[in-house]
Amino acid sequence: MIYNVSGLLTGNLGDSQQHEIENERLIVGSYSLERINGSVRLTRIDRSVLVNAEVEAVTDNSCSRCLEPATVGVFVTMEEEFSPINAELVGSSGKLSNNHSAGDGDYYDPALIIDERNFVDLTEALGQAILGALPIAPLCKEDCLGICHTCTVNRNIILCSCAKISQDPRWAGLAGLLEKSAESADRQS
Ligand SMILES: [Zn+2]
Ligand SMILES: [Zn+2]
């Protein structure tokens, strides 16, 4: 996902390029983002290039309930402005060119630069956008039963009877005691 934008930088405002993304893969941190498909539009705007991307991606994750593999799909739209290191290219009207001194408010996000060879690399920006869209607690399936807290079996595979045992009549006396102490605690408060 690296594009040469020399033509856009030396061209006119509003010029654009369209690129398709087909079955790409990105590694971001510990995540492997797979089967990335979609499109990217690069548009020349004043002194920079606006990148609009619409992609879908799939990531292999772990289910937050049962810890088995969970495949999660997301759809992401991204809009970011990439600024050229070669500011002279985009015309002498740009005041950025010879004046990068600190304190004038210029800030280059390293993920959002057009490098000295006029390439835009979407890896970091798009990777972060996809990561941000992933669910915090992925599930292998909507109704995953998770792991039993008592015997630690995966309850999607083995339906253990731990939940029933806790309702065993032999425990009823203890349950009753607990209820009573809860009631007395309520009265005291
Ligand atoms: Zn699960
Ligand atoms: Zn169990």
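**Exercise 1.** Determine whether Cys63 is buried or exposed in this predicted model, and which ion Cys63 helps to coordinate.

*Solution.* Step 1: the relative accessible area of Cys63 is 1%. Step 2: a residue counts as buried under 20%, so Cys63 is buried. Step 3: the SG atom of Cys63 coordinates the zinc ion (ligand 1), together with the SG atoms of Cys66, Cys140 and Cys144, at 2.2 to 2.4 Å. Step 4: along the chain these donors follow the spacing C-x2-C-x73-C-x3-C. Cys63 belongs to the loop between strand 4 (48-62) and strand 5 (69-84), and Cys140 to the loop between helix 2 (123-133) and helix 3 (162-165), so the pair ties together parts that are 77 residues apart in sequence. Step 5: Cys140, with a relative accessible area of 33%, is partly exposed.

**Exercise 2.** Explain why the arrangement around the zinc ion (ligand 1) is tetrahedral.

*Solution.* Step 1: the four donor atoms subtend angles of 106 to 113 degrees at the zinc ion (ligand 1). Step 2: four donors count as tetrahedral if all angles lie between 85 and 135 degrees. Step 3: the arrangement around the zinc ion (ligand 1) is therefore tetrahedral.

**Exercise 3.** State which residues coordinate the zinc ion (ligand 2), and where Cys148 and Cys162 lie.

*Solution.* Step 1: the protein donors are the SG atoms of Cys148, Cys151, Cys160 and Cys162, at 2.2 to 2.3 Å from the zinc ion (ligand 2). Step 2: their spacing is C-x2-C-x8-C-x1-C. Cys148 is in the loop between helix 2 and helix 3, while Cys162 is in helix 3, so the pair ties together parts that are 14 residues apart in sequence. Step 3: angles of 107 to 114 degrees between the four donor atoms make the arrangement tetrahedral. Step 4: Cys148 is buried at 7% relative accessible area, and Cys162 also counts as buried, at 16%.

**Exercise 4.** Describe how strand 3 pairs with strand 2 and with strand 4.

*Solution.* Step 1: strand 2 (residues 16-28) and strand 3 (residues 31-45) run antiparallel and are joined by ten bridges. Ile27 stands opposite Ser32 of strand 3. Step 2: these two strands form a hairpin with two residues between them, and Gly29 in the turn has a positive phi of about 60 degrees. Step 3: strand 3 also pairs with strand 4 in the antiparallel sense, over eleven bridges. Val40 is opposite Ala53 in strand 4. Step 4: the hairpin of strand 3 and strand 4 has two residues between the strands, and Arg47 takes a positive phi near 65 degrees there.

Notes:
Residues are numbered from 1 along each chain as its sequence is written. Chains are lettered from A and ligands numbered from 1 in the order in which they are written. This is a predicted model: local features need pLDDT of at least 70, side-chain atom pairs count only at pLDDT 80 or more; totals for chains, interfaces and linings use all residues. Side-chain values use heavy atoms; hydrogens and water are left out. Donors are N, O and S atoms within 2.8 Å of the metal (3.2 Å for Na, K and Ca); water is not among the atoms, so sites may look incomplete. Four donors count as tetrahedral if all angles lie between 85 and 135 degrees; four count as square planar and six as octahedral if opposite donors are over 155 degrees apart and all others between 65 and 115; anything else is irregular. Helices (H or I, at least four residues) and strands (E, at least two) are DSSP runs, numbered from the N terminus. Buried means under 20% relative accessible area, exposed over 50%, partly exposed in between (1.4 Å probe, protein chains only). Two strands pair if DSSP finds at least two bridges between them.
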